[in-house]
Amino acid sequence: MALEVLTRVRRDDAFANLLLPELLGAADLDRRDAGFATALTYGTLRLRGRYDAMIATCTDRPLERIDPAVLDVLRLGAHQLTGMRVAQHAAVSTTVDLAADSCGRGAATFVNAIMRRLSEQDLDAWMTDLRQHAPDETTALARIRSHPKWIVKALRQALVTHGRSAEELEALLDADNADPEVALCARPGLIAPEALAKAARKADRVHDVEPRLGRISPLAVVLVGGDPARIEAIRDSRAGVEDEGSQLVALVAAEAPLEGRDERWLDLCAGPGGKAALLAARAAQKSAHLLANEVSPHRADLVRSALRAVPQDVARVRCGDGRDLGREEPGGYDRVLVDAPCTGLGSLRRRPEARWRRRPEDVTVLAELQRELLASALRAVRRGGVVTYVTCSPHTLETTLVVRDVTRRLEHEGLSAEILHAGDIATRLAPQPPAGAGREMLQLWPHLDGTDAMFCALLRRIS
């Protein structure tokens, strides 16, 4: 099953977090085997770079000349050897058997030789070996912590840009390789966090550890296990599965101070709907109305599903390009959220294959789209209204540079905006202050806040 996921991720650009649950459900595995398959699949995808570096030292054949299916088998074997509590002989024999079944007897002989070489050293020895033979520190970190070199460089720069020390880089890379906690969002006015925690306890009869309330979001309930789909409030959309950082920035968008009326809200890029549902629930409490805009019809349907529990007269879904709304409805909204499409470098722990798909040129293309969307939002908001710009990426080109470039460009149109202190507002909302709370533009971090690396900037339109 793990090999099938790796194959379809590589061949069909499938998403592991969507495909694996589907396969697990069809196979009807018991809890223990399902957990093993999940750990094996996600761990291998995340640490592929490390395992490729290890495999490369065990053969004279360049990796690009190894059959891709055989290489996937070897990666699975390497993870069992060094990343899971699997006995050495079992890891070797099952990997060889898998190679024979999926790739043929000749491949099995090759896999057997590589696996035996891999098993000659434990993980610590391998890490020492990879570091010693790397030409520079960036390459060493890329191999050991399993990130492409360009992402290692980008994350180092992001830390410094957002006021952190470059010495935190290794901890950040490690956090990307850790399994994230499952956070639920109790949508305001629909269910209280305490009631959601009680419902989660009732739904999970296996784990003894209690769900806990959030540390970064006051709406969050963090699970230790279990299936969120078993919780009735999740099924009827009174609550949703949503990272604490994502919850916090949506709350910042809803609670940022503005001047004058507070009746018309816009979510410019609403799919798949988690932030839109939180905003709509809060809008209902404030007697405001939300327009949730999404360019993709499929994602617009997901938004409609997420909004099921909100009164129908509170929220409306529009399917269209957010770049058009600033021109079509200038000054029409009091609050606008721009949760812009981005590289997703802040959520690599949740999307294990994403780091191997993204390319440096993606940043440039997406940054221009982000500029266009933010400019549209600033045109769509009225004077005195607030725009919240959010990305799930700490990359400098997708965060601070976008904000400063757009505000500078729009000044030539006679449109000016001031940057509000997002860190102060987040501190007032969060049960515990985020690590970056002292900065004007808020940046969350997996290794410090336990959240995705969400970025949030607040802009109030002046003229």
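This passage describes an annotated binding site and the nonpolar cores of a predicted model. Local features were taken at pLDDT of at least 70 and side-chain atom pairs at pLDDT 80 or more, while totals for chains, interfaces and linings use all residues. Residues are numbered from 1 along each chain as its sequence is written, and side-chain values use heavy atoms, without hydrogens and water.

An unreviewed UniProt entry lists Cys269, Ala270, Gly271, Pro272, Gly273, Gly274, Lys275, Glu294, Asp321 and Asp339 under "binding site"; such annotations may be inferred rather than shown by experiment. Gly271 lies in the loop between β5 (264–267) and α15 (274–285), and Glu294 belongs to strand β6 (residues 289–294). Helices (H or I, at least four residues) and strands (E, at least two) are DSSP runs, numbered from the N terminus. Gly271 is buried, at 8% relative accessible area, and Glu294 is buried at 5% (buried: under 20%, 1.4 Å probe, protein chains only).

Beyond four places in sequence, Gly271 is in contact (heavy atoms within 4.5 Å) with Glu294, Arg299 and Val303. The contacts of Glu294 outside the same sequence window include Cys269, Ala270, Arg318 and Gly320. The Glu294 side chain reaches the backbone nitrogen of Gly271 at 2.8 Å.

The largest nonpolar core (buried Ala, Val, Leu, Ile, Met, Phe, Trp, Tyr and Cys residues joined through side-chain atoms within 4.5 Å) has 49 residues, of which Leu74, Val111 and Leu118 touch the most other members. Elements giving two or more residues to this core include α5 (68–82) and α7 (105–118). A second, separate core of 41 residues includes Ala288, Leu290, Ala292 and Leu420.

Notes:
Buried means under 20% relative accessible area, exposed over 50%, partly exposed in between (1.4 Å probe, protein chains only). A polar contact is a pair of N or O atoms within 3.5 Å; within protein, one must be able to donate a hydrogen and the other to accept it, and residues adjacent in sequence count only if both atoms are side-chain atoms.
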